[in-house]
Amino acid sequence: MAVSGLIMVGYLILHMYGNLRAFSGPDAFNEYAHHLRTFGEPMLPHEGLLWIVRVVLLGAVLLHAYAAITLWRRNKKAAGYVGGKRYQTKQNRTGIQRSYASFTMRWGGVTIALFIVFHILNLTTNDIHPGGASDTAYGKLHNSFEHFWVLLAYTVALIAVGFHLWHGFWSAFTTLGQNYSAKRRDSFWNSAAIVVAVVITAGFLAPPFAIYFFGLGG
Amino acid sequence: MNITVRVWRQKNADDKGRMVTYGVENVSEHMSFLEMLDVLNEQLTLSGDDPIAFDHDCREGICGMCGVVINGIAHGPEVTTTCQLHMRSFEDGAVIDVEPWRAGAFPVVKDLVVDRSSFDRIIQAGGYISAPTGSAPDAHAVPVPKDDADHAFDAATCIGCGACVAACPNGSGMLFTAAKITHLGLLPQGQPERESRVIGMVEQHDHEGFGGCTNIGECTSACPKGIPLDTIAQLNRDLLGALAHGKA
Ligand code: HEM
Ligand code: SF4
Ligand code: FES
């Protein structure tokens, strides 16, 4: 869970950095997209690096989902449910201190997985092309984000990612033995997780919002 | 004060069980929660009903026997054991729900009593040091840095009550296991068996059917002894180290 999750976080940071190129204009963005494909040539074939990244990421996603489902099942059994419920009382259903983020790890993760499928069909293969298909990276982006529902879908998904990372990033470092604070809120990794979650959510949402509201790039 | 309690009644391990409502009158706010149950049991006995089975022993917060879930919280609204919880923590007229610990590894024996021997087997799998016994050695025979001694002592205060498991949404026994790993791992006497201990105890923990930790933190908030959450990171550190040395 921890290692596959952190590989994805590393990718998200690079991906977000790439997306922010949109603010340098369509040409810079298209050139960046082109560059990704020619990176390492002639040592690597065309799109060589891209495919290496894709394979590693797919491996990480599958491993993460497999581990999550295994853990989910095991923990459901371990919690000792009686007739669909653990405790019959209606009081304190949300525990003493649980965060919304920790509650939504499982279904939030499923939401993110569905979003990834939509996202690839939308901006990589362009099979879903609201506002018309396009050959350029910027064109796909621009045509999509002129539509409110696309903006809304990405916003919901990125907020889900933010929550997932808030708990996940902190949790991963504790799993790896790196928490030295008696209370979670005093932990360096809890603060780091909040920063990572906020930066990634805001960083990814900036270009789409700029396109929809301020007509970034015409 | 007059209160209403809804208690989980279950005749035996095979019975399905259900919540049953009882009224208890003239409860003193100075009574402990267990004393309130004693009063209720006298009432039940007089009316010819089966008294409610609940575990307890020391009634002074050190044996760890008395755990029940009160209003959805392990050991109830205060950070203490059920025997040290007083009725003044509740309002007059309150409706109080009392249920047994819920965990696959803690099967219900009767009413509020669960079988926690899975914890004993985790301790047997490595929660000890192998040293000749005899008269107590001089306290300064083996020097221990003050910081380590303090942390080890904090971890050693675990009373094995199981509130951490009952509170954990994953039914994980990591806090209990980590308390012992931290306690013994910080002391010189614990070093020879440090790696085999963490492997053995974690294997037994998983084998008993406890869940996997996802670092939620309900355990430490419910723990009557305030075992801190970083003990779990310490366990993970020891475990990764032992695995890296091929000790599995
Ligand atoms: C395929 C969709 C996904 C599912 C079903 C999923 C589900 C889960 C679950 C159940 C956990 C463990 C629960 C917990 O720690 O409380 C988890 C942890 C985590 N997830 Fe995801 N997730 C998904 C996608 C992602 C993505 C896209 C990222 C990164 C951007 C990510 C990053 C993390 C991290 C860092 C952890 C912490 C690992 C640990 O505690 O050891 N996850 N995920
Ligand atoms: S860690 Fe705390 S809650 Fe868990 S068994 Fe020990 S004393 Fe009880
Ligand atoms: S009866 Fe011993 S701790 Fe409560």
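In this predicted model, A:Phe188 comes out as exposed, since its relative accessibility of 56% sits over the 50% cut-off. Its ring pairs up with that of A:Trp189 in an edge-to-face arrangement, with 4.8 Å from centre to centre and 80° between the planes. That is one of 21 aromatic pairs that turn up when the whole structure is searched over all chains. Another one, A:Phe163 with A:Trp166, has ring centres 6.3 Å apart and planes at 35°, so this pair is tilted. Both residues belong to helix H7 of chain A, and because they are three residues apart there, about one helical turn separates them. Neither ring is hidden away: A:Phe163 is partly exposed at 28% relative accessible area, and A:Trp166 is partly exposed at 26%. Elsewhere in chain A, ring pairs join A:Phe115, A:Phe118, A:Phe145, A:Trp149 and A:Tyr154 into a cluster.

Helix H7 also shows up at the surface. A:Phe148, A:Leu152, A:Val156, A:Tyr212, A:Phe213 and A:Phe214 make a nonpolar surface patch of about 660 Å². Two elements of chain A, H7 and helix H8 (188-214), each give two or more residues to this patch. A:Phe148 is placed in H7 and, with a relative accessibility of 46%, counts as partly exposed.

Then there is the metal site. The iron atom of ligand 1 picks up A:His64 and A:His164 as coordinating residues, each through NE2, at 2.0 to 2.1 Å. The two histidines come from distant parts of the chain, 100 residues apart: A:His64 sits in helix H3 (residues 48-78) of chain A and A:His164 in helix H7 (residues 148-175). Around the iron atom, six donor atoms subtend angles of 83 to 179°, and the arrangement is therefore octahedral. For reference, the ideal angles for six octahedral donors are 90 or 180 degrees. Both protein ligands are tucked in, with A:His64 buried at a relative accessible area of 18% and A:His164 buried at 17%.

Turning to chain B, the fold has eight helices and seven strands. The C-alpha trace of chain B spans about 60 × 40 × 35 Å along its principal axes, and 53% of its 248 residues count as buried.

Salt bridges number nine over all chains, and three of those in chain B deserve a closer look. B:Arg6 meets B:Asp97 with an N to O distance of 2.9 Å. As B:Arg6 lies in strand E1 (residues 3-9) and B:Asp97 in strand E5 (residues 95-99), this contact ties together parts that are 91 residues apart in sequence. B:Arg6 is partly exposed, with 26% relative accessible area, whereas B:Asp97 is buried at 3%.

Strand E1 also holds B:Arg9, whose partner B:Asp111 lies in the loop between strand E6 (108-110) and strand E7 (113-114), so here the parts tied together are 102 residues apart. The N to O distance in this salt bridge is 3.2 Å. Both ends are out of the way: B:Arg9 is buried at 9% and B:Asp111 is buried at 2%.

In the third salt bridge, B:Arg121 and B:Glu208 come to 2.6 Å, N to O. B:Arg121 is in helix H2 (residues 117-124) and B:Glu208 is in the loop between helix H6 (194-207) and helix H7 (218-222) of chain B, 87 residues apart. B:Arg121 is partly exposed at 35%, while B:Glu208 is buried at 15%.

Terms used:
Residues numbered from 1 in each chain as written. Chains lettered and ligands numbered in written order. Predicted model: local features only at pLDDT ≥ 70, side-chain atom pairs only at ≥ 80, totals over all residues. Heavy atoms only, no water. Donors = N, O, S within 2.8 Å, 3.2 Å for Na, K, Ca; no water. Tetrahedral: all angles 85-135°; square planar, octahedral: opposite > 155°, others 65-115°. Helix = DSSP H or I, 4+ residues; strand = E, 2+ residues; numbered from the N terminus. Buried < 20%, exposed > 50% of the residue type's maximum accessible area, 1.4 Å probe, protein only. Patch = residues over 30% accessible without salt bridge, like charges linked within 9 Å, V, L, I, M, F, W, Y side chains within 5 Å. Areas by Shrake-Rupley, 256 points an atom, 1.4 Å probe, with all protein chains shown as cover. Salt bridge = Lys/Arg side-chain N within 4 Å of Asp/Glu carboxyl O. Phe/Tyr/Trp six-rings, centres within 6.5 Å; stacked < 30°, edge-to-face > 60°.
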